[in-house]
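Please walk me through how this predicted model is put together, beginning inside it and working outwards to the sheet and the helices.

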Amino acid sequence: MSSDIEIAIAGGHGKIARRLTRMLVSRGDRVRGLIRDPDQADDLRADGSEPVVCDLETATPEEIAAAISGVEMVVFAAGAGPGSGTGRKWSMDRDGAIKLLEAAVAESVEGYLMISSIGAEDPPGGDDVFSVYLRAKADADRALIESDRAWTILRPTTLTDEPGSGEVEVSGDPLQGEVSREDVAAVLAALAHEPRSRRRVMYVRDGDVSVADSLERYLEL
């Protein structure tokens with residue numbers, strides 16, 4: 001993969017997405033942010049990305065394909081968000097991610113970074129919103145794993161808005177604990193340029209090793 005690439009981030013105005021955008025832009029990548037609300041466009045421009053209005057929940061795969069045409073990688077950073085009901089967990093967290101996958105296949109976009117969640121590896125069967133959310137994430141992850149894309153799935157532990165320390169633990173096995181959104185973004189920025197991470201599911205939490213070194217230790221296993 002080239003040293004600088006063009007990346008489309010679905011959910012481009014999200015807390016992780018905006019941090020990721022600024023990191024990618026600072027290293028020379030070109031970022032296209034997919035947003036639902038056109039009023040968010042100026043924020044994305046301020047971050048250095050190109051805003052594209054495309055609501056994954058209502059758009060067709062063909063419309064999403066047009067929105068990501070020409071990029072080399074997509075990132076699924078979208079989500080129904082807190083306060084949403086079970087219906088939107090299916091329509092956004094599962095179906096939105098799968099439609100983005102279908103669009104990536106149609107446009108021959110090889111790279112796909114998925115922001116998933118701890119718990120998606122063994123989701124509970126209850127009808128409460130969080131259980132449904134984890135099953136929706138698990139379904140989306142499964143569709144990506146079964147695809148032929150150069151995918152990477154990152155499952156963070158409990159997210160916080162604390163300033164990032166730049167130090168994490170990355171593992172192929174489920175972890176417990178917390179991790180800042182800023183540090184998750186830093187891991188994703190590194191993964192975008194790390195071909196050894198492709199077709200891997202990994203977990204991340206706060207740690208005491210730099211992002212670069214923690215990833216290197218994991219990828220050498």
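In this predicted model, a convenient starting point is Leu 188, which touches Ile 16, Leu 20, Leu 113, Ile 115 and Leu 154 when residues up to four places away in sequence are not counted. Leu 188 is also among the residues that touch the most other members of the largest nonpolar core, a set of 30 residues in which Ile 7, Ile 9, Leu 20, Leu 24, Val 187 and Val 204 share that distinction. At least two residues of this core come from each of several elements, including strand S1 (6-10), helix H1 (15-26) and strand S10 (200-206), while helix H6 gives the largest share, six residues. Another core, of 29 residues, lies apart from it and includes Ile 68, Val 71, Met 92 and Ile 153.

The sheet is open and mixed in its pairing, with nine strands in the order S3-S2-S1-S4-S5-S6-S10-S8-S11; strand S3 (50-53) and strand S11 (209-210) are its edges, each pairing on one side only. S8 and S10 run antiparallel and are joined by four bridges, and Glu 169 has Arg 205 in S10 as its bridge partner.

Helices pack on this sheet. Helix H3 (residues 61-68) lies across S1, S2, S3 and S4, at about 150° to S2, whereas H4 touches S1, S4 and S5, its direction making about 175° with that of S4.

Helix H4 (residues 86-106) also packs with helix H5 (residues 129-145) at an angle of about 10°, the axes being 8 Å apart, so H4 is roughly parallel to H5. The residues of this contact comprise eleven nonpolar, one polar and six charged, among them Trp 90 and Leu 101 in H4 and Tyr 133 and Leu 144 in H5.

Methods: Residues are numbered from 1 along each chain as its sequence is written. This is a predicted model: local features need pLDDT of at least 70, side-chain atom pairs count only at pLDDT 80 or more; totals for chains, interfaces and linings use all residues. Side-chain values use heavy atoms; hydrogens and water are left out. Axes are lines fitted to C-alpha atoms, for helices over the stretch in contact, and angles run from 0 to 180 degrees between N-to-C directions. Angles under 35 degrees count as roughly parallel, over 145 as roughly antiparallel, 65 to 115 as roughly perpendicular and the rest as oblique. Contact means heavy atoms within 4.5 Å. Ala, Val, Leu, Ile, Met, Phe, Trp, Tyr, Cys and Pro count as nonpolar, Asp, Glu, Lys and Arg as charged, and the others, Gly among them, as polar. A nonpolar core is a set of buried Ala, Val, Leu, Ile, Met, Phe, Trp, Tyr and Cys residues joined through side-chain atoms within 4.5 Å. Buried means under 20% relative accessible area, exposed over 50%, partly exposed in between (1.4 Å probe, protein chains only). Two strands pair if DSSP finds at least two bridges between them.
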